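Colleague: Please show me the model, so that we may discuss its surface and its sheet.

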Amino acid sequence: MSRAVPGSRSRSKSLSRKPLALVAGAVLAAPLALAGTAHAGTAAAEAEYTVTPLKFTVSTGGRSCTVDADLYRPSGADAGHPVPAVLATNGFGGSKSDGSTDGIGKAFAARGYAGLVYSGLGFGRSGCLITLDSPETDGRAAAALVDFLAGTRAADDGTKADFVTQDGPGDPRVGMVGGSYGGAIQMATAAVDPRVDALVPLITWNDLSYALAPNNTGAAGGGFSSDTPGVFKWQWTNGFYLMGEGQTILSPSLDPSRFGSLGCLHFAAQACDTIRLLNSGRYPADKAAAMLDYARSVSPASYLNRVKAPTLLIQGQTDSLFNLNEATATYKTLKAQGTTAKMIWQSWGHSGGQAEGELDLGQGNLESSYVGGRILAWFDRYLRHETATDTGPEFAYYRDWQSGYGTAAQVPGLTQKMYLSGDGKLVDNRAKVARGSRQYANWLIPTSHSESSLAGLIGLPDPEPYDTKGTYLGWTSAPLDSAVDVVGAPEASLKVVSPKTERVQNSGDAADKLVLFAKVYDVAPDGSKTLVNRLVSPVRVPDVTRSFTVRLPGIVHRYEAGHRLEFVIAASDSAYFGNRGIKPVTVVSAPEDTGVLSLPVVGGTLN
């Protein structure tokens, strides 16, 4: 029987910034805690299954190494009664045994799917180097596991799978699901193996050059990534680098295939080169281009044209590592090339944000959560071929003010504009702009704070966001007459004056260009401020003599009646590298020439 997609259900308000659990280095352990048996109360949840540890020796990326896996076989599945399969691997730093990975096998085996869950290359007890989900290395290794599900290859101990549904000789019916590092591997695999039938990537990236060093201006090639090196996200990046290099301690192994060169123990050399360049704070044109090239070569942005499998993208609103713009870029690319794709913006991501009733397979709530129901429907349609199954709307987004989901036929576009007045006001009509100029200057240490990126991972408190007087400029609206709902990525068109930057910006080193951070606060009637999901928009301005457009991270937020919007540009942020040298900035406003903030408003009117 076909499964209908559940509608919006009652939800509690989004919880406060909830840390992810860092268990044995498994970054994706708390919100996607796929541990334990499936939710009781359904026939599927009561199904039994067996688990068989397997090893596969694969040749990939110029090395031969062992992949450590577990096979989940539902009771009754055999050659005469084949079932579709689900393939999955871990988030960065995890393994097949952590709660965010082995639970995928349990949850889907309990619902009648064969599951093959494995430790990604370089993690757990799997060999080879960490290549950041390269299609030609990690993707090819996953394709070898698809061969096993096809029955054309045996595990190292001789085990073969003859109980997986086949679409043709050597072509198993197989889908993939998983989050973060276990999300990008799905697209890397589908790019090199067209036998993959359905993808469900959660909270993953589109372009690592953007994720690790975002530049939210100067977008190239119609995408959202810039050819000018961005602003180094040093906390997240170095946390993952140390986690990867520490695999010998986190997952002890003397497997020689896991070791690289001296000074780059467990990563592919180009990954280490990229991290070193970012940490150096110097980005000469030739080295910066190589950095961008490698990061993008292992990113979906560079190979999505080869991905044809129907894809349900799920991204988290509370996520400063891979923000909503990443999934949006992937979604738009897939749709433009004719690949079946839909997108959901759930509450939680790498930065927390778990809300009651949201997907948490550790509670076995596939059937009862909106996102879980959408995943089941996706696999019903594309793995079980139940063609009458409703896979849901094109776009859905969690609304914490209603504790449920809104839907739309497409991602909302920019609909309303506000203007930056010379007196610090944010006005709704260009004629209201006052002439004037204001200035700020950076210090040699960070003077603004959005988040401590790894605080939640290691259980430390994180100060509320702040900006230091004299190191930022803000423009504030009048109190809103009624509630305004913003869904999507705001944009700001700006022009700044910075003579000190102008004199050095053509040095050949991108580090000499001006860095600034754009953001939008929600200001309550009592003056308290909320930086939605602690998200900021880092910018390395390509040329301060020209105007530029800043795309801010996507948000889903209600500005209540009586609240005000404040648009801010700040000189620094503690989670990122900043300017090299002191670079004062002046912003001039006049009715005929001023900055503009555009917002994707889906409810209410700005005033």
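Colleague: Which residues form a nonpolar patch on the surface?

Modeller: This is a predicted model, in which local features need pLDDT of at least 70, side-chain atom pairs count only at pLDDT 80 or more, and totals for chains, interfaces and linings use all residues. Residues are numbered from 1 along each chain as its sequence is written, and side-chain values use heavy atoms, leaving out hydrogens and water. Patch members have over 30% relative accessible area (Shrake-Rupley method, 1.4 Å probe, only the protein chains shown counting as cover) and no salt bridge (Lys or Arg side-chain nitrogen within 4 Å of an Asp or Glu carboxyl oxygen), and nonpolar side chains (Val, Leu, Ile, Met, Phe, Trp, Tyr) are joined within 5 Å, like charges within 9 Å. With about 450 Å² of accessible area together, the patch consists of Trp443, Leu444, Ile445 and Ile582.

Colleague: Is Ile445 buried or exposed?

Modeller: Ile445 lies in the loop between strand S15 (436-440) and strand S16 (448-449); strands (E, at least two residues) and helices (H or I, at least four) are DSSP runs numbered from the N terminus. Buried means under 20% relative accessible area, exposed over 50%, and partly exposed in between (1.4 Å probe, protein chains only). Because its relative accessibility is 54%, Ile445 counts as exposed.

Colleague: Which are the edge strands of the open sheet of 10 strands?

Modeller: The sheet has mixed pairing and the order S1-S2-S4-S3-S7-S8-S9-S10-S11-S12, where two strands pair if DSSP finds at least two bridges between them. Pairing on one side only marks the edge strands, S1 (49-60) and S12 (404-408).

Colleague: Which residue in S11 stands opposite Trp345?

Modeller: Strands S10 (residues 341-348) and S11 (residues 395-399) pair in the parallel sense over 3 bridges. Opposite Trp345 in S11 stands Tyr397.
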